[in-house]
Amino acid sequence: MSHARGSFGRQLRSDLRLLFGRPRTIALLAGLAAVPLLLAIVLFVAQNSGMAGQGPGFIGRVTGNGLFLVIAALFLCLPFLLPLTVGITAGDAIAGEAQTGTLRYLLTLPSSRSRLLASKALASLAFAMAAVLLIAAVALASGGAFFGLTDMTLLSGSTVGLAEGMGRMFGVALYVALSLTGLVAVGLFFSTLTEVPVGAMAATTIVAVVSSVLDTLPQLAAIHPYLLTHHWFDFAEFLRVEVNWSVLGSGMLVQLGWVAIFLSLAWGRFTTADVTS
Amino acid sequence: MTSTAPARRNFLRSPWVVPIAVTSAVAVSLLSQPLFASGDSNDLPDVTADQLVTQVLDAKPQAMSGTVVHTARLGLPDMLFTEATGADPISLLGGSSTMRVWTDGVDRSRVALLGTMSEYSVVNDGPEAWTYSSSNDEAVHYSFSDADLARLKTMGEQARVEATKKQAELPTPQEAATEALARVGEFSTVRVDSQSTVAGREVYQLIVTPTTDKTLVKRIVLSIDGETKIPLRVQTWSTQDDTAPAVEVSFTDVTFGMPSESVFGFTAPAGVTEREVVVPLPQNDGAVKGSGSAHEMPVVTGTGWGTVVEFKDLDVAALLAKDPSAMTGSGERIIGSEEAQKMLEEFVPEHSDGSGMDMGVLYDQLTTKVPEGRLLSTTLLSILVTNDGRVLVGAVPAETLRAMA
């Protein structure tokens with residue numbers, strides 16, 4: 001444990017390079033970035049047709065104000081696309097190295113397993129953050145280009161200026177990004193269990209999907225507040241006249257609980273596992 | 001490090017202790033939450049039921065804000081309400097709804113019914129009121145005519161507050177409690193139950209029990225804030241269900257203090273559908289002026305909780321076609337219980353196309369066919385629409401209505 005601080009920095013930089021230098025990661029990010037762009041084009045083409053103003057969430061409002069494209073895009077990506085891509089990167093973090101046989105070489109480096117795990121966790125988290133912020137940025141740019149950015153009408157019927165509207169959109173993106181931390185931890189844990197990355201990826205995505213299914217069953221109302229995905233859509237709080245921070249805080253607290261449990265499980269597993277490949 | 005480790009290592013030294021400790025810590029903090037939220041307390045001075053009722057009715061309205069959860073278990077099919085798109089008052093008829101409440105304690109308030117990605121707001125700003133639904137981007141502006149406004153200016157403050165109160169509203173614990181207590185002397189008995197905690201505040205519990213057994217209402221439990229005497233929770237129990245209250249409206253968090261000015265104002269946002277509604281100011285005798293004269297006054301049978309109201313020549317078809325004039329002016333505040341009155345109002349479409357649902361389909365699904373007509377039966381309210389165009393409504397068992405038809 002007495003390694004120089006620089007070794008962890010080197011490790012993290014190398015993991016980030018490895019992750020973001022991969023064609024697979026670039027393709028995932030490009031795919032996610034295409035969602036707001038596609039949405040903007042579709043809405044732009046359809047805005048004078050009979051289908052204008054229809055659609056779930058905020059899709060109907062996008063044509064009036066490009067700012068809403070940020071919400072509409074995140075609203076569309078959050079249930080499945082984001083968990084899927086987070087599952088792919090987090091699930092691959094350890095299992096991918098194990099499958100290609102590079103894990104045991106990593107373990108011969110003068111760095112503890114805990115540091116290796118921490119570095120992998122941060123790299124996976126960086127991907128989740130990058131994905132959400134990229135969607136938001138592309139949505140803001142294409143929303144502005146296609147529909148213009150103006151004062152924002154909140155769900156409560158109040159209107160806020162453009163600067164505050166942008167600030168609130170940033171809050172939404174940040175909340176969504178932080179909401180994915182629990183899933184990153186779950187993915188990392190699955191990744192320490194297997195040498196087959198696809199298994200860990202699928203399992204992580206399934207956890208998110210199962211969680212949202214359980215969230216719809218009224219019989220399980222007692223456990224709903226603690227489900228991984230239950231508070232994901234609370235970002236709507238940023239669109240109300242008075243943002244209730246305690247609602248957002250409890251959402252973050254639930255993520256913290258999932259992170260604590262699954263990161264410690266991942267650590268327990270990874271530091272005791274026999275690495276043979 | 002691992003492959004050479006002895007097979008039977010001391011468990012307490014294994015890294016697995018860490019996740020186990022972390023998981024237990026999370027579980028403990030999770031389990032301890034509800035214990036703090038609802039424990040019995042015993043620190044408030046003792047009061048008698050009559051003293052408490054007087055204190056509640058005399059309590060000075062407070063500037064406050066908070067979150068209210070409304071839960072209805074009326075025995076209606078849940079699916080009907082979850083299908084509703086966005087936040088809509090009709091969702092109050094089934095399941096749990098969350099509302100956020102702000103009030104200045106006088107005549108300005110905002111109540112917002114929250115949907116996942118939507119909101120239905122009711123803003124009362126002195127003599128004006130607004131409702132805004134984010135799902136269909138429609139704002140409704142309720143105001144008085146110029147003549148009524150002039151008359152309003154001549155009234156004293158108390159009368160003005162009374163007169164302008166709630167052209168539009170969503171149920172909050174205060175309103176439910178006021179209605180329940182209005183009937184205390186004549187038709188109900190009251191007693192004080194053990195003290196408790198609601199929204200982190202110590203409360204008295206007041207139990208209002210109807211003296212008659214002709215009603216569906218078994219008892220109403222009011223939780224009164226020990227300090228301010230403001231009702232923080234109202235549970236209405238039905239005779240049909242002993243396990244849980246049929247309707248519960250409760251603060252889950254509450255802050256006393258003046259809310260920020262921004263919540264009380266409302267300006268219709270650019271580009272919304274805006275509708276103007278001129279509300280008749282009640283005359284001094286409380287009757288509503290003007291509208292509703294086309295209908296015969298409803299026939300009221302019985303008193304107190306067992307009251308049954310009979311509407312004649314009510315055009316149910318027009319009601320279902322969302323023609324609000326079919327209902328305006330009749331049946332204001334005459335049904336047996338507050339909750340029943342609320343439900344009736346929610347069945348009556350107030351806004352042109354707010355529910356996003358076909359009321360005709362809803363009507364067919366909610367009511368059952370009986371020899372006398374069509375019957376809607378819930379745990380707190382029964383409505384019978386007879387074949388010859390009469391509508392009987394009451395917080396009484398369905399059999400009572402059928403016998404009267």
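Helices (H or I, at least four residues) and strands (E, at least two) are DSSP runs, numbered from the N terminus. In the predicted model analysed here, local features need pLDDT of at least 70 and side-chain atom pairs count only at pLDDT 80 or more, while totals for chains, interfaces and linings use all residues. Residues are numbered from 1 along each chain as its sequence is written, chains are lettered from A in the order in which they are written, and side-chain values use heavy atoms, with hydrogens and water left out.

Chain A contains ten helices and two strands, arranged along the sequence as α-α-α-α-α-α-β-β-α-α-α-α. The radius of gyration of this chain, taken over C-alpha atoms, is 20 Å, close to the 19 Å given for 277 residues by the globule rule (2.2 Å times the number of residues to the power 0.38), so chain A is as compact as a globular protein of that length. Along the principal axes, the C-alpha atoms of chain A fill a box of roughly 60 × 40 × 35 Å. Of the 277 residues in chain A, 52% are buried (under 20% relative accessible area, with a 1.4 Å probe and protein chains only).

Helix α7 of chain A comprises the 18 residues 162–179. The expected span, 1.5 Å times one less than the number of residues, is 26 Å, and the end C-alpha atoms of α7(A) are 25 Å apart, which agrees. Among the buried residues of α7(A) are R168(A), M169(A), V172(A) and Y175(A).

Rolling a probe the size of a water molecule over the atoms shows where empty space is left. A cavity is a set of points, on a 1 Å grid over the protein atoms alone, where a 1.4 Å probe fits but cannot get out. Grid points are joined across faces, edges and corners, and a volume is the space filled by probe spheres set on the points. The structure holds six cavities of 30 Å³ or more, and the second largest encloses about 120 Å³. Its lining (residues with an atom within 4 Å of a point) includes D15(A), R22(A), D92(A), E97(A) and K120(A). Helices α1 (5–20), α4 (81–99) and α6 (113–147) of chain A each supply at least two lining residues, and α4(A) gives the largest share, four residues.

In chain B, S133(B) lies in strand β5 (residues 128–133). This serine counts as buried, at 7% relative accessibility. Residues up to four places away in sequence aside, S133(B) touches E119(B), Y120(B) and E138(B) (contact means heavy atoms within 4.5 Å).

Note on methods:
Buried < 20%, exposed > 50% of the residue type's maximum accessible area, 1.4 Å probe, protein only. 1 Å grid on protein atoms, 1.4 Å probe; cavity = no way out; pocket = protein on both sides within 12 Å on 5 of 7 lines; lining within 4 Å.
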